[in-house]
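Colleague: I want to know what stands behind each label you put on this model. Can you take me through the reasoning?

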Amino acid sequence: MTVSTAVAELNAGERLRICGERLAVAVIDRLAGVAADKVDDLSDQLEKMASGGGLKLGAIFGAGNALMAGKNPLFGAMKGAWGALGVGPKIAIIVGLVLLGVLSPVALLLLLVGLLVAGIISAVKR
């Protein structure tokens, strides 16, 4: 007995039920494929936004990733913002931090000398 003869022996109601089940399976399969494609498209768009969306968006995604990983979102935001920066701003920040470290003792020395001069001037005026 073949499948076609077995189906031919079924009554119309049973054939309709079988065809309905096959149609439902086909529709669900198609909808699942469309939904998976849409999720992939959305994921690609979010990745594009994260990579080229600027400083704020990089910080937001970095904080979200850190939060989902159970880490500190502040450090995640800083890491995401740093990753969103271009090469020029990164170099400027590094140079600025180096100069701050080098020039801080000079600024402190100038402040102390200024306070010393102000103290001498106030002592002489009395």
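Modeller: Start with a cut-off: buried means under 20% relative accessible area, exposed means over 50%, and partly exposed lies in between. By that rule the buried residues of α4 are Gly76, Ala77, Gly80 and Ala81. Keep in mind that this is a predicted model.

Colleague: How do you know that the buried residues of α4 line one face of the helix?

Modeller: Look down the axis of α4. The buried residues fall within an arc of 130°, so they share one face. The general rule fits here: an α-helix has 3.6 residues a turn, so residues three or four places apart point the same way.

Colleague: Which exposed residues does α4 carry on the face turned away from its buried side?

Modeller: Leu74, Phe75, Lys79 and Gly83 are exposed there.

Colleague: What do the buried residues of α4 pack against?

Modeller: They pack against α3, residues 55-68. Contact here means heavy atoms within 4.5 Å. Seen from the other partner, α4 is among what covers the buried residues of α3.

Colleague: Which residues of α3 are buried?

Modeller: Gly58, Ala59, Gly62, Ala63 and Ala66. They cover an arc of only 130° around the axis, which puts them on the same side of α3. On the other side of α3, the exposed residues are Lys56, Ile60, Leu67 and Met68.

Colleague: How do the lengths of α3 and α4 compare with what is expected at 1.5 Å a residue?

Modeller: α4 covers residues 73-84, 12 in number, and reaches 16 Å between its first and last C-alpha, close to the expected 16 Å. α3 has 14 residues and reaches 20 Å, close to the expected 20 Å.

Colleague: What lies at the ends of these two helices?

Modeller: Just after α3, Gly70 takes a positive phi of about 80°. At the N-terminal end of α4, Asn72 is the cap.

Colleague: What makes Asn72 a cap of α4?

Modeller: A side-chain oxygen of Asn72 lies 3.1 Å from the backbone nitrogen of Leu74. The limit for a polar contact is 3.5 Å, so the pair qualifies.

Colleague: Why is the pair Arg17 and Glu21 called a salt bridge?

Modeller: The rule asks for a side-chain nitrogen of Lys or Arg within 4 Å of a carboxyl oxygen of Asp or Glu. The closest N and O atoms of Arg17 and Glu21 are 2.9 Å apart, so the pair passes. The count by this rule comes to one salt bridge. Both residues lie in helix α2 (residues 12-52), four residues apart, about one turn of the helix.

Colleague: Are Arg17 and Glu21 buried, exposed or partly exposed?

Modeller: Arg17 has 48% relative accessibility, so it counts as partly exposed. Glu21 has 44% and also counts as partly exposed.

Colleague: Why is Val39 called exposed?

Modeller: Its relative accessible area is 55%, and exposed means over 50%, so the label holds. Val39 is in helix α2. Its C-alpha is 32 Å from that of Ile18, 21 residues apart along the chain.

Colleague: And why is Val113 called partly exposed?

Modeller: Its relative accessible area is 43%, which falls between 20% and 50%. Val113 is in helix α5. Ile121 also lies in α5, and at 44% relative accessibility Ile121 counts as partly exposed.

Colleague: How do you know that the span of α5 agrees with the expected value?

Modeller: Helix α5 (residues 87-125) has 39 residues, which at 1.5 Å a residue should span 57 Å. Its end C-alpha atoms are 55 Å apart, which agrees.

Colleague: Where does α5 bend?

Modeller: At Leu103, by about 40°. A proline, Pro105, follows within four residues.

Key
Residues numbered from 1 in each chain as written. Predicted model: local features only at pLDDT ≥ 70, side-chain atom pairs only at ≥ 80, totals over all residues. Heavy atoms only, no water. Helix = DSSP H or I, 4+ residues; strand = E, 2+ residues; numbered from the N terminus. Expected span 1.5 Å × (residues − 1). Buried < 20%, exposed > 50% of the residue type's maximum accessible area, 1.4 Å probe, protein only. Arc of directions from axis to C-beta. Polar contact = N/O pair within 3.5 Å; in protein donor to acceptor, adjacent residues only side chain to side chain. Bend = angle between axes of the 7 residues up to and from the residue.
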